[in-house]
Amino acid sequence: MLRFAEEMLLLLLRDEDGRFVHVSRFALDRALAGSVLMDLALENRIDTDLEDLILIDATPTGDSLLDPTLSLIVAGEKRNALYWVEQIAMNADEIREAALDRLVERGILERQEDTFLWVFRSRRYPAIDGVVEREVKLRIMGVLFSDEIPDPHDVVLICLAEVCGIFKLLLSKQELEQASERIDQVRKLDLIGQAVSQAIREIEISIASSVMF
């Protein structure tokens, strides 16, 4: 099974050219941080309540995408999920590159470099195995447009996607209006997802306040 960071990137991938849709870098960094925390929670390494993020098991998972974050939590003091989202977001570039490397290694994406005016380079990641990418998107759409109880894995991915504003890009205006209530309902099922959203809201409020004054 793919990790949340990998699935997040597949949701952002444009089928037509292998590039990623533009989302807020600020939000994406925190969503990637949340993705690692959520995977650690599903691996029974951490848990969270309304007050704190709790270390349950310090044993490494053996997964290079998760263990650096687990090491930080093991070495740190007991703090809430919001604190850890902010700390881990500082390593978002490494998380993103590691997730992309894994998708390439699995044969799901191909890494291509384009040269513009012989100087500037940009990367594209056209899908080799488009089945995996489509499966992720269709699975999430199935949750949004049904009343079935969602799998915990899909609850997490929907929380992360909403934080990044992905649904505004994937859905038409009419579809988004239809799914908005369902998205809110699903988001309330996950405490770490709520912490990611709260972290973004609080920081945006702080930035707005500093600009005003």
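In which loop, between which helix and which strand, is Asn44 found? Select Asn44 in your viewer: this residue is in the loop between helix H2 (25–42) and strand S1 (46–48). The model on your screen is predicted. Asn44 has a positive phi of about 60 degrees, although the residue is not a glycine. Its relative accessibility is 54%, which is over the 50% cut-off, so Asn44 counts as exposed.

**The whole chain**

Now zoom out and colour by secondary structure. The chain has 10 helices and 4 strands. Following the sequence from its start, you should meet them in the order α-α-β-β-α-α-α-β-β-α-α-α-α-α. There are 213 residues in the chain, and 45% of them are buried. Next, consider contacts between residues with a separation of 6 or more along the chain. Of these contacts, 64% join residues 24 or more positions apart.

**Helix H1 against helix H7**

Select helix H1 (residues 4–12) and helix H7 (residues 152–164). Their axes come within 10 Å and cross at roughly 55 degrees. The two helices are therefore oblique to each other. The crossing in which H1 passes H7 is right-handed.

Show the side chains at this contact. On the H1 side, select Phe4, Glu7, Met8 and Leu11. On the H7 side, select His153, Val156, Leu157, Leu160, Ala161 and Cys164. By class, the residues of this contact are 8 nonpolar, 1 polar and 1 charged.

The numbering within a helix is worth a look here. An α-helix has 3.6 residues a turn, so residues three or four places apart point the same way.

**Helix H1 against helix H5**

Keep H1 selected, hide H7 and show H5 (92–105). How do H1 and H5 lie relative to each other: roughly parallel or roughly perpendicular? Their axes come within 9 Å and cross at roughly 80 degrees. H1 and H5 are therefore roughly perpendicular to each other. From H1, the contact is made by Ala5, Glu6, Leu9 and Leu10. From H5, the residues are Ile95, Arg96, Ala99, Leu100, Arg102 and Leu103. The contact of H1 with H5 has 7 nonpolar residues, 3 charged residues and no polar ones.

**Arg102 and Asp63**

Stay in H5 and select Arg102, which lies in this helix. Arg102 counts as buried because its relative accessibility is 15%, under the 20% cut-off. Setting aside neighbours within four places in sequence, its contacts are Arg3, Glu6, Asp63, Ser64 and Leu65.

Move along to one of these contacts, Asp63. Asp63 is in the loop between strand S2 (53–55) and helix H3 (67–75). With a relative accessible area of 9%, Asp63 is buried. Beyond its neighbours within four places in sequence, Asp63 is in contact with Arg3, Pro68 and Arg102. Arg3 therefore deserves a click as well: Arg3 is in contact with both Arg102 and Asp63.

**Asp67**

Select Asp67, in helix H3. This residue counts as buried, at 15% relative accessibility. Leaving out neighbours within four places in sequence, Asp67 touches Pro60, Thr61 and Gly62. Then add Val36 to the selection. Asp67 and Val36 are 31 residues apart along the chain, and their C-alpha atoms are separated by 9.2 Å.

**Leu109**

The next stop is Leu109, in the loop between helix H5 (92–105) and strand S3 (112–116). Is Leu109 buried or exposed? At 2% relative accessibility, Leu109 counts as buried. Draw a distance line from its C-alpha atom to that of Leu10. The separation is 9.2 Å, although the two residues are 99 residues apart along the chain.

**Helix H4**

Select helix H4 (residues 81–89). Of its 9 residues, 7 are buried, so H4 is largely enclosed by the rest of the structure. The buried ones are Ala81, Leu82, Trp84, Val85, Glu86, Ile88 and Ala89.

**The nonpolar core**

In soluble globular proteins, nonpolar side chains tend to be buried together. In this model, the largest nonpolar core has 58 residues. Select Met8, Leu10, Leu37, Leu144, Ile158 and Phe167, which touch the most other members of this core.

End the tour at Ile158. Not counting residues up to four places away in sequence, Ile158 touches Ile140, Val143, Leu144, Phe167, Ile183 and Val186.

Methods:
Residues are numbered from 1 along each chain as its sequence is written. This is a predicted model: local features need pLDDT of at least 70, side-chain atom pairs count only at pLDDT 80 or more; totals for chains, interfaces and linings use all residues. Side-chain values use heavy atoms; hydrogens and water are left out. A nonpolar core is a set of buried Ala, Val, Leu, Ile, Met, Phe, Trp, Tyr and Cys residues joined through side-chain atoms within 4.5 Å. Buried means under 20% relative accessible area, exposed over 50%, partly exposed in between (1.4 Å probe, protein chains only). Contact means heavy atoms within 4.5 Å. Axes are lines fitted to C-alpha atoms, for helices over the stretch in contact, and angles run from 0 to 180 degrees between N-to-C directions. Angles under 35 degrees count as roughly parallel, over 145 as roughly antiparallel, 65 to 115 as roughly perpendicular and the rest as oblique. A crossing is left-handed if the near helix is turned anticlockwise from the far one by less than a right angle, and right-handed if clockwise. Ala, Val, Leu, Ile, Met, Phe, Trp, Tyr, Cys and Pro count as nonpolar, Asp, Glu, Lys and Arg as charged, and the others, Gly among them, as polar.
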